[in-house]
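Biologist: I'd like to learn how to read a structure like this one. Can we start with the helices and then get to the chains?

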There are 2 protein chains.
Amino acid sequence: MHFSDNLIKKIRAKKSVVCVGLDPRLEKIPAAVRNAARAKFPEDAMAAAGEAIFLFNKGIIDAVADLVPAVKPQIAFYEMYGVAGMQAFADTLKYAKSKGLVTIADAKRNDIGSTAEAYANAYLGSVSVFGENVSPFEADSITVTPYLGWDGVKPFIDVAKKHGKGLFVLVKTSNKSSGDLQDLAVGVGGDKVHPLYETVGHFVESWGADDVGEEGYSCVGAVVGATYPQQAAKLRALMPETIFLVPGFGAQGGTVEDVLPCFNAGGMGAIVNSSRDVIFAYESSKTFGEAEYAAAAREKVLSMNEELKVVFG
Amino acid sequence: MHFSDNLIKKIRAKKSVVCVGLDPRLEKIPAAVRNAARAKFPEDAMAAAGEAIFLFNKGIIDAVADLVPAVKPQIAFYEMYGVAGMQAFADTLKYAKSKGLVTIADAKRNDIGSTAEAYANAYLGSVSVFGENVSPFEADSITVTPYLGWDGVKPFIDVAKKHGKGLFVLVKTSNKSSGDLQDLAVGVGGDKVHPLYETVGHFVESWGADDVGEEGYSCVGAVVGATYPQQAAKLRALMPETIFLVPGFGAQGGTVEDVLPCFNAGGMGAIVNSSRDVIFAYESSKTFGEAEYAAAAREKVLSMNEELKVVFG
């Protein structure tokens, strides 16, 4: 099935546009989980860290799998635990997939030609190794940074198309300094002047135009921050066939009202990510303590689904 | 020692501005190396791939360590071999460092806030894991993509400063489509119109201005492609305190003449990367065959050093 059709099917089935960000931090993982992992690897701190992360993620995934269409592990929080962290990343993707979730590898990869192809094969495709076909970090989709231009994105699109996967290209990000480059006014010599992110938005819409699924969305999505609702509204109008991955909800300040402009009619065309607010919900839950971190995450997702159901109109 | 002073010391000592790109491709690794690795891991193709890559890199590093200041492994070619590939990446960095080489992790990472900090700690700093301080993929420097703006780069700079490390921010890349974003004309409403890469160049120069070493260069370098000599000349003038990492020499079409504008007086201010042309030099060497791939790489580096000695004036 086309990447976007699969995602939309799950959004409809679960009546949820929430993506749970799996951004583990060892120091916030409940003590019981950390201790169990450490007991398994008493001589190897990194292996114990990887194990703790995977156990923690498994708890979260089990608690939310029936409630949300997608999860998004942020790879930086796995790379920081070295090879064992990367193993936890691979295991997390595999486990989430087995639970019927769409997976987004938030890796913001970018490079050119055969190098970009190597990344694409690592995350969306497969690699031939001594005659075996292996998919080392298999995800349904990956985030990609567009600074290198078309030949830095095309290899990801090619591999995505071949394997029924997708990508999300950074367009307008949720952070405070995102305007440093993204808001620069471009287009002179008769062209209409507009901010850089609109140019990138046009690129992204056109890059996906020849691979649109039955539901009307392409395999090339866009990252559009919840913290810039006016810009999101403009981009939504410019990019009718592009699915938005919307970070910045909750902890970063984005509200339900802020994410509304990211959606097309009927709650289509966007998913809203929340990481810390969900996975560490136990820190602020009145019902559940640290040991019940998974139940706290479920409680938080239920309330997000309730808050966001307005998008379905 | 300051990152830039250390790099310049090695450039002077070896009279070389060459950086060897370690971009292994399993299918091009000589059969003897591949077979030895496979014999060690007959049941695990990925482990064998990781072993083959590390053995191959070790051969290259041993052959060129006395001739060049730096090596640059491109992480995509390691990620594509999964966890075993990442182990080979870590081992390669460690081995290169033990041979006195400056290491550049070509990872083009980019993210914001605590996520960028996680990347920075993984590659330039250290991570506390169950009370142990670990540096999972320790390199002297990393490449970074600037699309997210200042708060996407600052965490890398903070960690670099703390640990005497450096970074290279993409400014004007060597690929054909680099102009899609990087050449867009920006600056309206009274500002002087100029291409986006110049704006990024200004940012990079200013981001490093408060951490300049004794030799006059900061810890924040720039990636400037050999394939755009006129743009490089402009950037060189705009960014006197920034070290350029120059890809695109050789296989991608950049010539000695093309890289000259990247240098300040006396051969300072830039290093020129070559990957495939060096590590797979055996493919075109008249003297050395596949089994002597390391000698072929050494031969190629000697000829590059000879060609490029003109930069020292």
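Modeller: Sure. Helices (H or I, at least four residues) and strands (E, at least two) are DSSP runs, numbered from the N terminus. The expected span of a helix is 1.5 Å times one less than its number of residues. Keep in mind that this is a predicted model, where local features need pLDDT of at least 70, side-chain atom pairs count only at pLDDT 80 or more, and totals for chains, interfaces and linings use all residues. Residues are numbered from 1 along each chain as its sequence is written, and chains are lettered from A and ligands numbered from 1 in the order in which they are written.

Biologist: What span should helix 13 of chain B have?

Modeller: Helix 13 (residues 293–308) has 16 residues, so 22 Å is expected, and its end C-alpha atoms agree at 22 Å apart.

Biologist: Which residues of helix 13 of chain B are buried?

Modeller: Buried means 20 or more other C-beta atoms, placed from the backbone, within 10 Å of a residue's own. Among them are B:Tyr293, B:Arg298 and B:Leu308. Their cover includes strand 1 (18–22) and helix 3 (45–64) of chain B.

Biologist: And how are the two chains related?

Modeller: Two copies of a chain are related by a rotation about an axis and a shift along it. Here, a least-squares fit on C-alpha atoms of residues with pLDDT (the predictor's per-residue confidence, 0 to 100) of at least 70 in both puts chain A on chain B with a 180° rotation, 0.0 Å of shift and RMSD 0.0 Å. The copies are thus related as by a two-fold rotation axis.

Biologist: How many residues make the contact?

Modeller: With contact meaning C-beta atoms, placed from the backbone, within 7 Å, chain A gives 59 residues and chain B 60.

Notes
Two residues are in contact if their C-beta atoms, placed from the backbone, lie within 7 Å. A residue is buried if 20 or more other C-beta atoms lie within 10 Å of its own, exposed if 12 or fewer, and partly exposed in between; C-beta atoms are placed from the backbone.
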